[in-house]
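Subject: The structure you asked about

Hi there,

Here is the structure I promised to pass on, with the sequence alongside. Have a look at it first, and then read on for my notes.

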Amino acid sequence: MPRTPEENERIRQAAKDKIHAAAMVLFVKKGYHATSVEDVAKQANISKGLLYNYYKGKEDLLASMIQVRIEEIAEVIETAATIKTPIEQLRYIVDGALDNVYQRPEVYRFYLNLQTQPEDDLVLAAYRKQLNEESRKQFEVQCQMFEGLGVKEPRMRSLFFSSALHGTMLMMATYTEGFPVEKMKQQLMREYGSCKEQ
């Protein structure tokens, strides 16, 4: 019996997820430029031809991975914005960000590295810009959350919050062993989850 369109799409998505995971491992380990399509296919345990069935080449694969990342970031902030109170919105961002880094520190390191690539790297610069633009949009929505908390300088407070959150994420990705994730979530909310400013 032939497969349904839904089954075909599920198989297709599973193959793409497998390729993305393999590429992520290699891009983190060797770097984007030092990784070949053949390396990715081998890591994914598929033929190079099958990989080319989904992607035109390595840059097309990277573009797809960036699109997935941008959609993940957008989904977090859009979901947070639908939550009733600014405090709960911020808690959702903190919980999601720290849980994500705790579960997949290598993914965070990869995208952080990509966001800080030199502008002269013409291949990666466009993707750096896309990720940074999405982060800028997230920051603007976050500023509205701090406005909702009634703080005196919501943009400044949002900047402090982002700095503390991203610093925590970097520490988690660097020192994964025994990192006090839940205590850090609580501390971030104590510091930033009210209208009281230090």
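Let me start with Ser 162, which touches Phe 139 and Gln 142, leaving aside residues up to four places away in sequence. Ser 162 is found in helix 8. Is it buried or exposed? With a relative accessible area of 12%, Ser 162 falls under the 20% cut-off, so it is buried. Please keep in mind throughout that this is a predicted model.

Now for the overall picture. The chain has 9 helices and 0 strands, so if you read along the sequence you meet the pattern α-α-α-α-α-α-α-α-α. Along the principal axes, the C-alpha atoms fill a box of roughly 60 × 45 × 35 Å. Of the 198 residues in the chain, 40% are buried. Among contacts between residues at least 6 apart in sequence, 65% join residues that are at least 24 apart.

Next, the aromatic rings. How many aromatic pairs does a search of the whole structure find? The search gives 5. One of them is Phe 27 with Tyr 32: the ring centres are 5.2 Å apart and the planes stand at 65 degrees, over the 60 needed, so the pair is edge-to-face. Both partners are buried, Phe 27 with a relative accessible area of 4% and Tyr 32 at 9%. Another is Phe 161 with Tyr 192, where the centres are 5.7 Å apart and the planes at 70 degrees, so this pair is edge-to-face as well. Phe 161 lies in helix 8 and Tyr 192 in helix 9 (residues 181–192), so the pair ties together parts that are 31 residues apart in sequence. Here too the partners are buried: Phe 161 has a relative accessible area of 0%, and Tyr 192 comes in at 12%.

Tyr 32 deserves a second look. Ring pairs link Phe 27, Tyr 32, Phe 110 and Tyr 111 into a cluster. In addition, Lys 58 lies over the face of Tyr 32, at 4.4 Å from the ring centre.

On to the pocket. The largest pocket has a volume of about 520 Å³. Of the 21 residues that line it, the closest to its centre are Arg 69, Ile 73, Gln 138, His 166 and Met 169. Which elements give two or more residues to this lining? They are helix 4 (58–82), helix 5 (86–103), helix 6 (105–115), helix 7 (122–149) and helix 8 (154–174). Helix 5 gives the most, with 5 residues. By type, the lining of the largest pocket divides into 11 nonpolar, 8 polar and 2 charged residues.

One last residue to find on your screen is Glu 78, in helix 4. Its relative accessible area is 53%, over the 50% cut-off, so Glu 78 is exposed. Where does Val 141 sit relative to Glu 78? The two are 63 residues apart in sequence, and 8.7 Å apart in space from C-alpha to C-alpha.

If you want a route through the model, you could begin at Ser 162 in helix 8, move to the ring of Phe 161 in helix 8 and its partner Tyr 192 in helix 9, then turn to the cluster that holds Phe 27 and Tyr 32, and finish with the lining of the largest pocket.

Happy browsing, and best wishes!

Key. Residues numbered from 1 in each chain as written. Predicted model: local features only at pLDDT ≥ 70, side-chain atom pairs only at ≥ 80, totals over all residues. Heavy atoms only, no water. 1 Å grid on protein atoms, 1.4 Å probe; cavity = no way out; pocket = protein on both sides within 12 Å on 5 of 7 lines; lining within 4 Å. Points joined across faces, edges and corners; volume = space filled by probe spheres on them. Helix = DSSP H or I, 4+ residues; strand = E, 2+ residues; numbered from the N terminus. Nonpolar A, V, L, I, M, F, W, Y, C, P; charged D, E, K, R; others polar. Phe/Tyr/Trp six-rings, centres within 6.5 Å; stacked < 30°, edge-to-face > 60°. Buried < 20%, exposed > 50% of the residue type's maximum accessible area, 1.4 Å probe, protein only. Lys NZ or Arg CZ within 6 Å of the ring centre and 35° of its normal. Contact = heavy atoms within 4.5 Å.
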